[in-house]
Amino acid sequence: MADVSANGQAGQPQLVLQKIYVKDVSYEAPNAPQIFQEVGETEMQPQVQLNLGQKSTDMGNDLYEVVLSLTLTCTLGERTAYLAEVHQAGVFGIAGFSEDDLAGILNSYCPNLLFPYARQLLSSLVLEGGFPPFLLQPINFDALYAEQQRRILSGSAVPTLNS
């Protein structure tokens, strides 16, 4: 963000969204088409597991890439119905914040901003894969980050935002 100092606001905190993009997408239905029949015939309920991850990278010049990863696995008994994974990313210009504020921005604000894009893409993948829509509920990244910080302070967790 070289223009921050050029416009005389170097001391002012700056947060600018530069770009939102899909970094990686994967979808597998390894047991299709047989699994479609099993879903309708069996009384077993599909089991769905969501794994959430977040990673930020300092790109230099007050630019940070934040990648929000959502992995959705649906199983029926021991068989995988589908596996969908989305890595939604953004480049953010962030300058003039304290280290604590920067950490909060990278681990809470940025994932909150990326989440609706990732949720929509994940939902589309599942639907296009021939399965009933998956409605992913909102995620409170502020609470996840606060819990992560609490665990770090108590010494019971490694400093990552994975759940």
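This report walks through a predicted model of a single chain, from its overall make-up down to a few individual residues.

Local features are taken only where pLDDT is at least 70 and side-chain atom pairs only at pLDDT 80 or more, while totals for chains, interfaces and linings use all residues. Residues are numbered from 1 along each chain as its sequence is written, and side-chain values use heavy atoms, with hydrogens and water left out.

**The chain as a whole**

The chain has four helices and four strands. These elements are DSSP runs, numbered from the N terminus: H or I over at least four residues for a helix, E over at least two for a strand. Going along the sequence, their order is α-β-α-β-β-β-α-α.

Of the 163 residues in the chain, 34% are buried. Here buried means under 20% relative accessible area, exposed means over 50%, and partly exposed is in between (1.4 Å probe, protein chains only). The chain exposes about 9500 Å², and carbon and sulfur atoms supply 51% of that. Those areas come from the Shrake-Rupley method with a 1.4 Å probe; for residues, only the protein chains shown count as cover.

As for contacts (heavy atoms within 4.5 Å), take those between residues at least 6 apart in sequence: 69% of them join residues at least 24 apart.

**Helix α4**

Helix α4 covers residues 141–154, which makes 14 residues. From first C-alpha to last it reaches 20 Å, close to the 20 Å expected at 1.5 Å a residue; that expected span is 1.5 Å times one less than the number of residues.

Which residues of α4 are buried? They are Phe-141, Tyr-145 and Gln-148. Seen down the helix axis, the buried residues fall within an arc of 60°, so they line one face of α4. The arc is taken from the directions from the helix axis to the C-beta atoms. Their cover includes β2 (47–60), β3 (63–76) and α3 (99–128).

Both ends of α4 have something to look at. Asn-140 caps the N-terminal end, with a side-chain oxygen 3.1 Å from the backbone nitrogen of Asp-142. After the helix comes Gly-155, whose phi is positive, near 80°.

Just upstream, Pro-138 sits in the loop between α3 and α4. Pro-138 is exposed, at a relative accessible area of 63%. Leaving aside neighbours within four places in sequence, Pro-138 is in contact with Phe-115 and Arg-119. The C-alpha atoms of Pro-138 and Arg-119 are 8.9 Å apart, with their positions 19 residues apart along the chain.

**Backbone oddities**

Most residues other than glycine have a negative phi, and most peptide bonds are trans. A cis peptide bond joins Ala-32 and Pro-33, with omega about 5°. Pro-33 lies in the loop between β1 (14–28) and α2 (34–41).

The loop between β2 and β3 holds Asn-61, and Asp-62 is found there too. Asn-61 is not a glycine, yet its phi is positive, at about 55°. Asp-62 also has a positive phi, near 65°, in a residue other than glycine.

**Burial at a glance**

| Residue | Relative accessibility | Class |
|---|---|---|
| Asn-61 | 66% | exposed |
| Asp-62 | 34% | partly exposed |
| Glu-65 | 10% | buried |
| Cys-74 | 5% | buried |
| Cys-110 | 0% | buried |
| Leu-114 | 0% | buried |

**Glu-65, Leu-114 and the cysteines**

Glu-65 belongs to strand β3. Its side chain makes a polar contact with the side chain of Tyr-21, at 2.3 Å. Such a contact is a pair of N or O atoms within 3.5 Å; within protein, one must be able to donate a hydrogen and the other to accept it, and residues adjacent in sequence count only if both atoms are side-chain atoms. Beyond neighbours within four places in sequence, the contacts of Glu-65 include Lys-23, Lys-55, Met-59 and Val-91.

Leu-114 is in helix α3. Again leaving aside neighbours within four places, Leu-114 is in contact with residues including Ile-20, Val-66, Leu-68 and Phe-92. The C-alpha atoms of Leu-114 and Ser-69 are separated by 9.9 Å, although these residues are 45 apart along the chain.

How many disulfides are there? The count comes to zero, taking a disulfide as a pair of cysteine sulfur atoms within 2.5 Å.
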